Number of protein chains: 2
Amino acid sequence: MATCQRTKETSGETVLARPQRSEEITKRIIDLIIDRDLPPGAPMPTELSLMEDIGVSRNSIREAIKALQALGIVEIRHGYGTFVGSAGSEALQTWLLFRTRTRGASDAGRLRDLLEVREMIETELTRRVASDHRPELIAELEACVARMRRKGPDAAVADREFHDLICAEAGFDLARELTGLFWDVYRAAEGELGGPVSSAASTAKRHQVIVDALVSRDGDAAAEAVHRHFDEVRKRAKAGRYGGFGEARPVDADPAAATS
Amino acid sequence: MATCQRTKETSGETVLARPQRSEEITKRIIDLIIDRDLPPGAPMPTELSLMEDIGVSRNSIREAIKALQALGIVEIRHGYGTFVGSAGSEALQTWLLFRTRTRGASDAGRLRDLLEVREMIETELTRRVASDHRPELIAELEACVARMRRKGPDAAVADREFHDLICAEAGFDLARELTGLFWDVYRAAEGELGGPVSSAASTAKRHQVIVDALVSRDGDAAAEAVHRHFDEVRKRAKAGRYGGFGEARPVDADPAAATS
DNA sequence: AGAAGTAGGACGTGGGACGTCCTATGACTT
DNA sequence: AAGTCATAGGACGTCCCACGTCCTACTTCT
């Protein structure tokens, strides 16, 4: 009987020929969330309810929900229910990691892309934070730098927190989440490629320069410090076993322009 | 028999208690793509093959593939087969649009975030392009600006192409795709909110300034020009009916805007 | 009243069937 | 012989049903 709905004679209209039903279902579910103004964490209608509302079978609903789950738009808890998700950046990790791992297009250049984009965002972000930030921020950043000096696994965590603190200070959620995402994916891809180890002391020093620039509220100096920090990361990456990543085009041919 | 695989007594090892089988399947399929080095466009194994390789039912395989499809990692063509996807940024449109439409967190601030991140990336991108670009780029950009001057739907297309040209010139695929994504999503969200129309002449002028800066190969001037361009966009957005995006937004019943 | 056990709801997985779409191969026509 | 059309096969799309697992909430026993 459910199949009867999509035969032409019952509807009488032009054949819909819907190329992808599931895409339509996905859209409908999203619209449902928007229309009912369901906040993140709110319980979604039951699969059975959606079945009836949308008029398709449970499998179709489940596949659509699965696609939504992959995007972080919904969260599924076994035996409990489906809930509206926050669409956080974690959902993109699979996507970006795949994109980075697959070397079909520009070889290892994708890893460089990751770094470049992060550098662009953080440079501008730090520039803005330099001219407008809470005084407490400095102490928090210094604490991170101190932790970086101590060798160990916590140094990497402190590194991430350092950048996250700055990004959060700017107040742009999207930018903050993206940089965090790039950081995580870079780290994962780097580990997979057998990247080099980080030098703790040098890293801490580079970060300290950024803090100093923030203290003096000098936007240009802050941007410059961030650039130098990324130069360091690039140098370290180049020393790895996948050396010379992204040699497709020597953009940094101009030594003077590299510091800008 | 398939069910027997996951009972503890057959495996004899510690109970896996797999919280989500489909997540495991998704991972396995991705690894399969990487291991076999399947390039984008290559045909994926049949669902039946995957069933046997991974050892789960077709429904489970299909749900995993559906999740992968949502991320653009695979493409499905009905009646033909499943193919490796390019993981392009189009896949993130649903995610980002949802994230922008849902105003649970910071109201309309998300739209502002979109603009800010794009500004950050394009600013730095343009700065780099200023110091290193092909001479032909200028002519291509000027052609876009000329098209912007003519009113009509093509003006928006030219606008997009203009920014895309610059981003492409820098050579960072990821940055280019992200800015394109932000552009598309902003446009979609703007339309949904009943955004204001763009003033053709003014827009063309702002873009011309960017071209001029590129001609003189002045990085700082180019960055400045991009900033001004985005100031313009922000100003225009602020004039919309959802005026003052970023603030709590006062519902200013502007009679002039009611025409659209 | 408190704690253990039980009933119900909801998602997870498996298996099968049929429809739809695309491709390719064969027969037929010109 | 070459081109066109019809048919067979493969692969995905949708549907249905059944059972397992997990969590919640209620009932019942102590």
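**Entry 1: the axis.** I began by asking which residue of chain B comes closest to the rotation axis. In this predicted model, that residue is Ala67(B), with its C-alpha at 2.2 Å. I then looked up how the two copies are related. A turn of 180° with a shift of 0.0 Å along the axis lays chain B on chain A, and the RMSD is 0.1 Å. I can therefore write down a two-fold axis. Both copies use the same surface, since 89% of the contact residues of chain B recur in chain A.

**Entry 2: the interface.** Next I checked how many residues each chain brings to the contact. Chain A gives 45 and chain B gives 44. On the chain B side, the elements that give two or more residues are helices H2 (21-36), H4 (58-70), H5 (91-101), H6 (109-131) and H9 (173-192). H6(B) gives the most to this side, namely 11 residues. I also sorted the chain B side by class and found 22 nonpolar, 11 polar and 11 charged residues.

**Entry 3: a helix pair in chain A.** My last stop was H10 (200-215) and H11 (219-238) of chain A, which pack at about 170° with their axes 8 Å apart. Because roughly antiparallel applies to angles over 145 degrees, H10(A) and H11(A) get that label. Then I listed who makes the contact. From H10(A) I noted, among others, Arg206(A), Val209(A), Ile210(A) and Leu214(A). The H11(A) side includes Ala225(A), Val226(A), His229(A) and Glu232(A). For the residues of this helix contact I logged 8 nonpolar, 3 polar and 3 charged.

Notes. Residues numbered from 1 in each chain as written. Chains lettered and ligands numbered in written order. Predicted model: local features only at pLDDT ≥ 70, side-chain atom pairs only at ≥ 80, totals over all residues. Axes fitted to C-alpha atoms, helices over the stretch in contact; angles between N-to-C directions. Helix = DSSP H or I, 4+ residues; strand = E, 2+ residues; numbered from the N terminus. Parallel < 35°, antiparallel > 145°, perpendicular 65-115°, else oblique. Contact = placed C-beta atoms within 7 Å. Nonpolar A, V, L, I, M, F, W, Y, C, P; charged D, E, K, R; others polar. Least-squares fit on C-alpha atoms with pLDDT ≥ 70 in both.
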